[in-house]
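Reader: I should be grateful for a close look at one part of this model, a packed pair of helices, followed by an account of the parts that surround it in the chain. Please keep the description to what can be read from the coordinates.

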Amino acid sequence: MTSSTIDELRAEIDALDATILRLLNQRMSFSRQIGQSKNSLGQSVFDPDREERVLARLRDLNDGPLPEITLRAIYREIFSGSRLLQEPITVAFFGPAGTYTHEAARERFGRSLPFTACESITEVFHEVAQARAQFGVVPIENSIEGSVSETHDMLMTSTVGVCGEIAIRISHTLMNLSGKMEDVKIVMSHPQALAQCRSWLARKLPGIPLQETSSTAVAAEKARADSRVAAIASETLGTDLGLKVIRKGIQDRQENITRFLVLGTLKPPPTGKDRTSIVFWTENEPGALFRILEKFSRRGINLSRIESRPEKGSMPWRYAFFVDLDGHRDDPQISECLAEIMKENRLVKVIGSFPKQTLLQ
Ligand SMILES: C=C(O[C@@H]1C=C(C(=O)O)C=C[C@H]1O)C(=O)O
């Protein structure tokens with residue numbers, strides 16, 4: 001290919017970019033008008049359902065070569081900028097910056113918004129409860145390690161509801177200053193990450209001590225300051241800090257997915273592919289749990305998850321049960337079922353109904 005053809009093609013691209021920019025600005029001004037109408041109607045700016053429908057329509061229209069993942073990434077930022085133009089939204093997340101939770105928050109909200117990094121999951125709930133942030137992002141479960149206790153404990157007591165979920169594939173990378181395995185004298189990471197790589201560490205680094213840190217980002221900072229330390233974190237986080245990769249994808253199972261919850265007061269309408277999270281407390285007596293589960297079973301309502309946690313109240317050995325149902329609280333069957341449960345048992349809380357997230361990639 002001659003340089004004159006490159007120049008010609010670049011001239012085409014320049015012309016297209018000018019058109020794309022003009023169209024983007026037109027889109028933004030419509031979005032601003034929508035924002036003003038929502039404002040006068042007292043509606044929330046963020047409408048995840050509408051965003052999903054916009055994306056689904058574009059996916060159908062797209063006949064390539066633009067890959068779907070790129071289309072989604074571009075629109076994530078367009079939505080992010082478009083929401084920002086309507087109203088400033090703040091999103092709190094379990095930080096610090098660079099953690100997997102941060103990645104999940106950016107995946108959902110784009111990068112244009114102000115994010116607040118919180119030191120604990122509890123703090124994220126407080127930021128949303130006190131309206132310092134409209135939304136919060138916290139981890140709820142991992143496909144290898146199971147549930148995140150602090151999030152479950154907060155869901156029991158907090159008044160904050162859940163309005164969405166984000167599922168992302170997690171790949172752990174071992175990194176240090178040199179990129180050499182023989183320099184590793186200690187491995188640091190968040191307890192969940194250490195647990196997800198347990199067998200690999202036992203096989204490849206037997207006898208090397210493991211030390212828990214409050215986040216993967218803190219572990220990466222430690223590795224940056226000390227050549228004996230290797231951190232397990234996301235590759236982007238480590239390499240951004242100047243660490244070198246020793247080994248990628250060291251999690252014990254390659255299919256390692258973490259689900260995060262979006263906290264907020266928004267109540268998304270039914271989409272046909274929803275999940276409802278509830279928590280209830282039962283008496284410690286025969287059949288108490290069965291009587292509730294039977295009501296779902298009788299109506300053919302699928303339960304995708306059940307999790308019990310100690311109540312941590314005045315009475316030991318009392319349990320709270322977290323259940324995820326397929327469907328929306330406004331779907332007739334589910335609302336009827338929940339009403340029946342609530343009639344018999346007042347200790348039921350609907351944490352939220354929200355669209356199920358489909359995992360891309
Ligand atoms: C513009 C809107 O507001 C937000 C931005 C959207 C967009 O840019 O397409 C879609 C949904 C909302 O989160 C809207 O509700 O249509």
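Author: The crossing of helices α5 and α6 is right-handed. This is read from a predicted model, and the same holds for every value that follows. Helix α5 comprises residues 121–129 and helix α6 residues 149–157; their axes lie 9 Å apart and meet at an angle of about 35°. On the α5 side, the contact is formed by I121, T122 and F125; α6 contributes E150, T151 and M154. By character, these contact residues comprise three that are nonpolar, two that are polar and one that is charged.

Two positions between these helices deserve attention. The loop between α5 and β3 holds A131. Although A131 is not a glycine, its phi is positive, at about 60°. In general, most residues other than glycine have a negative phi. A131 counts as exposed because 9 C-beta neighbours lie inside 10 Å, and the cut-off for an exposed residue is 12 or fewer.

Strand β3 runs over residues 135–142 and includes E141. In contrast to A131, E141 is buried, since 21 other C-beta atoms lie within 10 Å and 20 or more suffice for that class. Leaving aside residues up to four places away in sequence, E141 touches G146, S147, V148 and R259. One of these partners, R259, is 118 residues from E141 in sequence, yet the two C-alpha atoms are 5.4 Å apart in space.

Such a pairing may be set beside the figure for the whole protein. Among contacts between residues at least 6 apart in sequence, 74% join residues at least 24 apart. The protein has 361 residues, of which 34% count as buried, and its secondary structure amounts to twelve helices and 15 strands. The C-alpha trace spans about 80 × 60 × 35 Å along its principal axes.

Turning towards the N terminus, helix α4 (residues 100–109) contains E107. With 18 C-beta neighbours inside 10 Å, E107 counts as partly exposed. E107 touches I166 and I168 when residues up to four places away in sequence are left out. R76, which is 31 residues from E107 along the chain, has its C-alpha atom 7.3 Å from that of E107.

The loop between β1 (91–94) and α4 contains P96, and the peptide bond joining G95 to P96 is cis, with omega about 0°. A cis peptide bond also joins G64 and P65, where omega is about 5°; P65 sits in the loop between α2 and α3. As a rule, most peptide bonds are trans.

Helix α3 covers residues 68–86, which makes 19 residues. From its first C-alpha to its last it reaches 27 Å, close to the 27 Å expected at 1.5 Å a residue. Its buried residues include F79, S82, R83 and Q86. These four cover an arc of only 95° around the axis and therefore lie on the same side of α3. The general geometry of an α-helix is that it has 3.6 residues a turn, so residues three or four places apart point the same way. The buried residues of α3 pack against α1 (3–41) and α2 (48–61), whereas I69, T70 and I74 are exposed on the other side of the helix.

A corresponding description can be given for a helix towards the C terminus. Helix α12, residues 332–344, has 13 residues and reaches 19 Å between its first and last C-alpha, close to the 18 Å expected at 1.5 Å a residue. Within α12, I334, C337 and L338 are buried; they cover an arc of only 95° around the axis, and so share the same side of α12. The partners of the buried residues of α12 are β12 (274–281), α11 (288–298), β14 (319–326) and β15 (348–355). On the face turned away from the buried side, α12 carries the exposed residues P332, E336, A339 and K343.

To return to the requested pair, the description of α5 and α6 rests on their angle of about 35° and axis separation of 9 Å, together with the right-handed sense of the crossing.

Note on methods
Residues numbered from 1 in each chain as written. Predicted model: local features only at pLDDT ≥ 70, side-chain atom pairs only at ≥ 80, totals over all residues. Expected span 1.5 Å × (residues − 1). Arc of directions from axis to C-beta. Contact = placed C-beta atoms within 7 Å. Axes fitted to C-alpha atoms, helices over the stretch in contact; angles between N-to-C directions. Left-handed = near helix turned anticlockwise from the far one by under 90°. Nonpolar A, V, L, I, M, F, W, Y, C, P; charged D, E, K, R; others polar.
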